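Here are a few exercises to help you find your way around a new structure. Try each task yourself, then read the solution step by step.

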Amino acid sequence: MKPGRWSPGQNNVKTVLRSIVTASFIATAVLLFTIGVLAPALPAVVGPPLIEEERVFVESKALALHLLNADGAVRIRTHDQDEMRFAARVRVYARQRSAAKEVRAYAATLFDVSRADGTLRVTTEPLPRPDVVELRVDYEVWVPTATDVEIENANGNVWVEDGCRAVTVLGHNADVEIQGPSGPVSVQSANGRVRVTGARQGATLATVNGNIYAHMLGGALDAATANGIILTRVLTDAVGDCTLKSQNGGITLVLHGKPAGVVSAATETGMIRAGVPVDASAGVAGRKTLKGVIGEGGRKLTVETLNGNIWITRNTE
């Protein structure tokens, strides 16, 4: 073969090398996900729990609930009764069989309930957890409609159903879903996706490894993720400024009704597409930067990602 001439063998080599690089990338991503996301959420002890029971307790209503939990899922529901009802599924494990007595003694101290300034505070594990103990407490809680809810949950998913007012969730390894809050929303998680639907008074949403889905009825939105996509639907004219930022993920912004806003969008390695007319006569209209006015302007729409595409469109339904 003469120098400089292409041959089928060269193409085969490129294909093989590309396949090796792709396989290595996928393997590394799976390994990082397993170590960083799945492993911390798995129990350290394998086998049946030493204690497995459901504990139910009822408290009179309060303006707000503050629930602290380390390991386990939390589901908040609303009802029309003047009480707060807690159903806690408890599973306690002993790392050593000889420590059964110590484990049982610790299990008897799991819940602390207190009140201050209109807030009912429920703390799981008010005492430091002994090294010989591993446990999980899953909550199902019923609160009166329009109760403010604050949840701190390290390892476990959180669901807050329709009817609550202000909702605050602080998690670590936690997927978070909030439906129909009538007050402002604040969510922060390290490893987990965040979904908020029907937010009326704005939302601040942040995660590191996870996607963010926000369906807004009113208020301003601030959504940020490091490794994940962002999908936002602006459902009414009552929605204010929207700031959407991702490092490694695409962003989609859907404007309903008569689209309007002052848009500032930028991406480093992706592309920007707009499915709505954008007047960029006094701004910029490029593949990686878009600055202009949609419709009558008004709300500020800030959309930024490093490695991902940006899609700004309107609802066609």
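A salt bridge here is a side-chain nitrogen of Lys or Arg within 4 Å of a carboxyl oxygen of Asp or Glu. With that rule, a search of the whole structure turns up 17 salt bridges. Keep in mind that this is a predicted model.

**Exercise 1. Work out where pLDDT stays under 50.**

Step 1: Start with the chain as a whole. Its average pLDDT is 89, and 85% of the residues score at least 70.

Step 2: Look for the weak stretches. One of them covers residues 1-11, where pLDDT stays under 50 and the model has 3 contacts beyond four places in sequence. Another covers residues 28-32, also under 50, with 1 contact beyond four places in sequence.

Step 3: Decide how to read them. Where pLDDT is low, the predicted coordinates shouldn't be read in detail.

**Exercise 2. Take the salt bridge between K61 and D82 and say where its two ends sit.**

Step 1: Check the distance. The side chains of K61 and D82 come to 3.6 Å, N to O, and the cut-off is 4 Å, so the pair counts.

Step 2: Place the ends. K61 is in the loop between β1 (51-60) and β2 (64-71), while D82 is in the loop between β3 (74-79) and β4 (83-94); the two are 21 residues apart and link distant parts of the chain.

Step 3: Ask how open each end is. K61 has 48% relative accessibility, so it counts as partly exposed. D82 has 56%, so it counts as exposed.

**Exercise 3. Compare two salt bridges that reach strand β7: E140 with R77, and R91 with D138. Are their ends buried or partly exposed?**

Step 1: Take E140 and R77, whose side chains meet at 2.5 Å, N to O. E140 lies in strand β7 (residues 133-144) and R77 in strand β3, 63 residues apart.

Step 2: Read off the accessibility. E140 is at 27% and counts as partly exposed; R77, at 25%, is partly exposed too.

Step 3: Now R91 and D138, with their closest N and O atoms 2.6 Å apart. R91 is in strand β4 and D138 in strand β7, 47 residues apart.

Step 4: Buried means under 20% relative accessible area. R91 has 15%, so it is buried, and D138 is buried with 15% as well.

Step 5: Salt bridges can also join up into a network, as D71, R95, E125, R129 and E134 do.

**Exercise 4. Find out how many disulfides there are.**

Step 1: Recall what you're after. A disulfide is a covalent bond between the sulfur atoms of two cysteines.

Step 2: Apply the cut-off: the two sulfur atoms must be within 2.5 Å. The count comes to 0 disulfides.

Step 3: Look at two cysteines anyway. C164 is buried at 1% relative accessible area, and C242 is buried at 1% as well.

**Exercise 5. Describe the surroundings of T232.**

Step 1: Locate T232: it's in strand β17 (residues 230-234).

Step 2: Check its accessibility. The value is 0%, so T232 counts as buried.

Step 3: List its contacts. Leaving out residues up to four places away in sequence, T232 touches A214, L221, L244, T252, L253 and V254.

**Exercise 6. Show how β22 and β23 are joined.**

Step 1: Strand β22 (residues 279-285) and strand β23 (residues 289-294) run antiparallel and are joined by 3 bridges.

Step 2: Pick out one partner pair: A285 is bridged to L290 in β23.

Step 3: Name the result. The two strands, β22 and β23, form a hairpin with 3 residues between them.

Methods:
Residues are numbered from 1 along each chain as its sequence is written. This is a predicted model: local features need pLDDT of at least 70, side-chain atom pairs count only at pLDDT 80 or more; totals for chains, interfaces and linings use all residues. Side-chain values use heavy atoms; hydrogens and water are left out. pLDDT is the predictor's confidence in each residue, from 0 to 100. Contact means heavy atoms within 4.5 Å. Helices (H or I, at least four residues) and strands (E, at least two) are DSSP runs, numbered from the N terminus. Buried means under 20% relative accessible area, exposed over 50%, partly exposed in between (1.4 Å probe, protein chains only). Two strands pair if DSSP finds at least two bridges between them.
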